[in-house]
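Subject: Structure handover

Hello,

Here is the structure I promised to pass on. My notes follow below it.

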Amino acid sequence: YPYSLPIDVAGYGHPEPLTNFPMLVKLSGDIAGFAYGTFASDRGYDLRFTDTTGHTLNHEIERWDTSGESTVWVKVPTLSSNAAIRAWWGNASITTPPPNTTDGSTWDDDYVAVWHMSGNAPIADSTANGNDALSRGTLDASGLAGGAQSFEGGQWATVTTHPSLHFMDAMTVEVLAKSDQSSAYQHFANMGTAT
């Protein structure tokens, strides 16, 4: 890999480290030392991430936009205030995405579904469970952390019943949502039992 870029994690100030944390990385031509034209693949297939020991990290490209901002989720083994990873690219021999970028490896088994909401036919589940959602009239929109869907009035998304989804059991559901009535994003977590 002839090109690389250090990525220092800033802003995490809690004393306890997080393990196997899916961290959002945003890449664009505005970052010094990063240029889409230096990639061997116009889809980012040659992108890799490593920790400080050189161990390859699982990652998922949510959105690859060579004329704007790309969003990539990287599974960081230990996230702490001094965490650092490195992005690598430019290997011309790589012409397909590695399996760990498309098989749900970025998300632990505790995640039964992860919907980035970028695209509406279907709204793909990023975990290995394949719990894709179907859009019912939603529209693509821009979000705080990548793509989003606009739900206005009668639009919704549905999920087919799957053994990994135990809607009768207690579970944690997290949603990042923005109301048209406010410019602030709202984060809803620990909603308890879903019905």
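Strands S2 and S5 (residues 70-79) run antiparallel and are joined by nine bridges. One pair to look up: leucine 18 has leucine 79 in S5 as its bridge partner. Please keep in mind that this is a predicted model.

S2 and S5 belong to an open sheet of three strands. The order is S2-S5-S4, and the pairing is antiparallel. Which strands stand at the edges? They are S2 (18-27) and S4 (59-63). Each has a single partner strand, so one side of each is left without a neighbour in the sheet. On average, neighbouring strands here are turned by 25° against each other, direction ignored. As a reminder, strands of a sheet pair through backbone hydrogen bonds.

Next, the hairpin. S8 (residues 139-143) and S9 form it, with two residues between them. The two strands pair in the antiparallel sense over five bridges. Within this pairing, aspartate 140 stands opposite glutamine 149 in S9. Is S9 mostly covered or mostly open? Mostly covered: S9 spans residues 146-150, and five of its five residues are buried.

Now the charged pairs. How many salt bridges does a search of the whole structure find? It finds two.

- Lysine 75 and aspartate 108. The closest N and O atoms are 2.8 Å apart. This pair links distant parts of the chain, with 33 residues of separation. Lysine 75 lies in strand S5. Aspartate 108 lies in the loop between S6 (84-89) and S7 (133-136). Lysine 75 counts as buried because its relative accessibility is 15%, under the 20% cut-off. Aspartate 108 is partly exposed, with a relative accessible area of 23%.

- Arginine 63 and aspartate 65. Their side chains meet at 2.9 Å, N to O. Arginine 63 is partly exposed, at 37% relative accessible area. Aspartate 65 has 19% relative accessibility, so it counts as buried.

So each of the two bridges can be read with its burial in mind: lysine 75 is buried, and aspartate 65 is buried.

Now the whole chain. The protein has twelve strands and zero helices. From the N terminus on, the elements therefore read as β throughout. Of the 195 residues, 34% count as buried. The protein exposes about 11,400 Å², and carbon and sulfur atoms supply 51% of that area. Take the contacts with a separation of 6 or more: residues 24 or more positions apart account for 59% of them.

Last, confidence. The mean pLDDT of the protein is 84. Of its residues, 88% reach 70 or more. Which elements have the lowest and the highest mean pLDDT? Strand S12 (residues 185-188) has the lowest, at 50. Strand S3 (residues 48-50) has the highest, at 98. Over residues 187-195 the pLDDT is below 50. Beyond near neighbours in sequence, that stretch has 22 contacts in the model. Where pLDDT is low, predicted coordinates should not be read in detail.

Best regards

Methods. Residues numbered from 1 in each chain as written. Predicted model: local features only at pLDDT ≥ 70, side-chain atom pairs only at ≥ 80, totals over all residues. Heavy atoms only, no water. Buried < 20%, exposed > 50% of the residue type's maximum accessible area, 1.4 Å probe, protein only. Helix = DSSP H or I, 4+ residues; strand = E, 2+ residues; numbered from the N terminus. Pairing = 2+ DSSP bridges. Axes fitted to C-alpha atoms, helices over the stretch in contact; angles between N-to-C directions. Salt bridge = Lys/Arg side-chain N within 4 Å of Asp/Glu carboxyl O. Contact = heavy atoms within 4.5 Å. Areas by Shrake-Rupley, 256 points an atom, 1.4 Å probe, with all protein chains shown as cover. pLDDT = per-residue confidence, 0-100.
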